[in-house]
Amino acid sequence: ALPILLKLQDLMEQVIASERHRQDYIRILHYIDTYTDIKYWKGHFLDIGVHQQQEMCLFANTFANYIGYEANPYYCNELLNAGYNVENYIISDNEGQGILYVSGTPGYDSLIRSNVQDVIGEVTVPCQTIDSLCKDKLRVDILNIDVEGHDGNVILGARQTIEKHKPLIVIEHLPDYLKPWLMSQGYILTQDQDWFCIQGEKNDY
């Protein structure tokens, strides 16, 4: 195993109590290990849909160029106060503002009202696209997307970034309408339980 995975295993024992979380992160890091040569880790790891500290600190502590995007301002402020590099945006396919439906179950907020069974409130949050955030500024090596059904919109707003950088993409819900476009970009689509890992040819520059 590469040193990064050994470090991850140590961190998991310290900060993750849930077996479900352990398996999620082992699976994602397995794909990163098998796909990504260490020379590519100089780029950025963009984590779309951070939720809470215990669900993202492994990546944030593993990758030096980690940036998290969290739509819920309460979670975002908690992470900022803990010293993590997180920004309070809805990541979508347009800019402006959007409504986040807040769930009574942590980690299950969504932009889609019908996806939240226990809505306890709603909050208006600024929207940004990955393309606008990264344009001419960031090299992106990895996109990790978990946004409770809004995943396709994140990809639509990241098309220029994907075309330019060909990042590894780990995504929870991959809509069928995006699969032909991703394959046209040289990606191979692999399903592992409810996660899709999308592997493509890396642009080396």
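How many salt bridges does a search of the whole structure find? I ran the search on this predicted model. The result was two.

**Salt bridges**

I took the pair Arg-139 and Asp-141 to begin with. Their side chains meet in a salt bridge, at 3.2 Å from N to O. I then looked up burial. Both Arg-139 and Asp-141 are buried.

I went on to Lys-179. This residue forms a salt bridge with Asp-176, and the closest N and O atoms lie 2.9 Å apart. Is Asp-176 buried or exposed? Asp-176 has a relative accessible area of 59%. The cut-off for exposed is over 50%, so Asp-176 counts as exposed.

**Nonpolar cores**

Next I looked up the cores. The largest nonpolar core has 24 residues. Leu-46, Ile-48, Tyr-69, Ile-130, Ile-145 and Ile-169 have the most contacts inside it. I checked which elements give two or more residues to this core. The strands are strand 1 (44–48), strand 2 (66–69), strand 7 (140–145) and strand 8 (168–171). The helices are helix 5 (130–134) and helix 6 (151–156). I also noted a second, separate core of 15 residues. Val-50, Tyr-66, Tyr-84 and Leu-168 are among its residues.

**An open sheet**

Last, I traced a sheet. Three strands form it in the order 4-6-5; it is open, with mixed pairing. Strand 4 (90–91) and strand 5 (96–103) stand at the edges. Each has a single partner strand, so one side of each has no neighbour in the sheet. How do strand 4 and strand 6 run? They run parallel, and two bridges join strand 4 to strand 6 (residues 119–128). I found Ile-91 opposite Gln-128 of strand 6.

Terms used. Residues numbered from 1 in each chain as written. Predicted model: local features only at pLDDT ≥ 70, side-chain atom pairs only at ≥ 80, totals over all residues. Heavy atoms only, no water. Core = buried A, V, L, I, M, F, W, Y, C linked by side-chain atoms within 4.5 Å. Buried < 20%, exposed > 50% of the residue type's maximum accessible area, 1.4 Å probe, protein only. Helix = DSSP H or I, 4+ residues; strand = E, 2+ residues; numbered from the N terminus. Salt bridge = Lys/Arg side-chain N within 4 Å of Asp/Glu carboxyl O. Pairing = 2+ DSSP bridges.
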